[in-house]
Amino acid sequence: MTQLRTVDLHLHTTASDGVFRPAEIVRLAAEANLSAIAVTDHDSISGLDEASTACRQLGIELIPGVEISADAPGGGDCHLLGYWFDPNHTALQLWLGARRRARIARGEEIVRRVNDALRQRNGADAPQLAWEDIAKRADIAGGGSVGRPHVADSLIAIGAVGNRDEAFATLLGTGMPGDVSYDRIQPADAIAQIRNAGGVAVLAHPTYLRDYETVLPSYVEQGLGGLECIYSDYAPSLVASLQSLAHTHGLAVTGGSDFHGPSSSAGGSAVGRPAVPFEVLGPLRDRCAQRPGS
Ligand code: AMP
Ligand code: ZN
Ligand code: FE
Ligand code: FE
């Protein structure tokens, strides 16, 4: 029996809020018999070099990837995945650096607000967060991208909560003290940056976006090239309706686990689950922007 070739195009590492290093994620991809993967850290491509070396050793194709947070129309987050851009593109590197600096300023504000909340809830002697601990967890010095999951891990370390879920449910989730907005960007900015670097932009986990069917045409006009139709917890009927939506708008179909780690409730629970067919790669690559001079 010939085995179907599969891929995972949505994976997080320690370059953002994943639990495993890039080389460890690649090892898990090899154990899952994947033919190709994309490492898609939040606003950071600092994990790509290590992933690339590991992929070469294990015979897996690595597609350069990134996941960019933008403002959603009507509030909330819109996540855009970028693929096959040139990782050495200077303008993209500088722009992602600015996105990470915005995250740092926001992270410092989250620490102030969460510490206030901890004192209000637990008294003046309540254990407090230290920014230095969070910065270290996020490997900011090494090009890592800090986010609320790192604050959650620091909250666990000081004994304020038991796990990431509880941290989001009590302190970091929507409308809570740690839900701090920052110098946000529009989806069109993210799409343009990815395309300028020769890549293709894909809307991640579309159902997280309110009224995604209504806003999708405007994203397509802005240069969106794909839709993440196969995703960790999407039922077959939802996958089918998203595939049909992608077809209607001329978008490539993509998919991935959004794996962050085995005990993380964000995203999927294993690398390579759900299975995404290798055949999605051709139409996705066809939608890459032309690189100047190529
Ligand atoms: P940020 O990038 O700082 O806005 O944090 C958003 C990230 O937090 C998402 O990409 C998820 O990885 C994670 N996340 C969101 N909600 C939860 C939750 N309820 N439990 C654990 N992690 C979460
Ligand atoms: Zn994440
Ligand atoms: Fe996301
Ligand atoms: Fe993600």
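In this predicted model, a polar side-chain atom of His-42 sits 3.1 Å from an oxygen atom of ligand 1, a polar contact being a pair of N or O atoms within 3.5 Å (within protein, one must be able to donate a hydrogen and the other to accept it, and residues adjacent in sequence count only if both atoms are side-chain atoms). Arg-148 reaches an oxygen atom of ligand 1 with a backbone N or O atom, at 2.8 Å. Asp-165 goes for a nitrogen atom of ligand 1 instead, with a polar side-chain atom 3.4 Å away. Taken alone, the ligand exposes 500 Å², and the protein buries 82% of that (Shrake-Rupley areas with a 1.4 Å probe; for residues, only the protein chains shown count as cover).

Twelve residues surround ligand 1, and Asp-17, His-42, Arg-106, Arg-148 and His-260 come nearest; to be near, a residue needs a heavy atom within 4 Å. Sorted by class, this shell holds three nonpolar, four polar and five charged residues (Ala, Val, Leu, Ile, Met, Phe, Trp, Tyr, Cys and Pro are nonpolar, Asp, Glu, Lys and Arg charged, and the others, Gly among them, polar). At least two shell residues come from each of α3 (90–122), α5 (148–157) and α6 (164–172).

Ligand 1 occupies the largest pocket, with more than half of its atoms within 2 Å of the grid points as the criterion. A pocket here is an open set of points on a 1 Å grid over the protein atoms alone, where a 1.4 Å probe fits, with protein on both sides within 12 Å along at least five of seven lines; lining residues have an atom within 4 Å of a point.

As for the overall fold, there are ten helices and eight strands, taken as DSSP runs (H or I, at least four residues; E, at least two). The radius of gyration is 19 Å, which agrees with the value near 19 Å for a compact globule of 294 residues (C-alpha atoms; 2.2 Å times the number of residues to the power 0.38).

Two backbone oddities turn up in loops. Most residues other than glycine have a negative phi, and most peptide bonds are trans. Trp-84, not a glycine, has a positive phi of about 60° and lies between β4 (77–83) and α3. The Arg-273 to Pro-274 peptide bond is cis, with omega near 0°, and Pro-274 belongs to the loop between β7 (252–256) and β8 (276–277).

Residues are numbered from 1 along each chain as its sequence is written, while chains are lettered from A and ligands numbered from 1 in the order written. Local features need pLDDT of at least 70 and side-chain atom pairs 80 or more, whereas totals for chains, interfaces and linings use all residues, and side-chain values use heavy atoms, without hydrogens and water.
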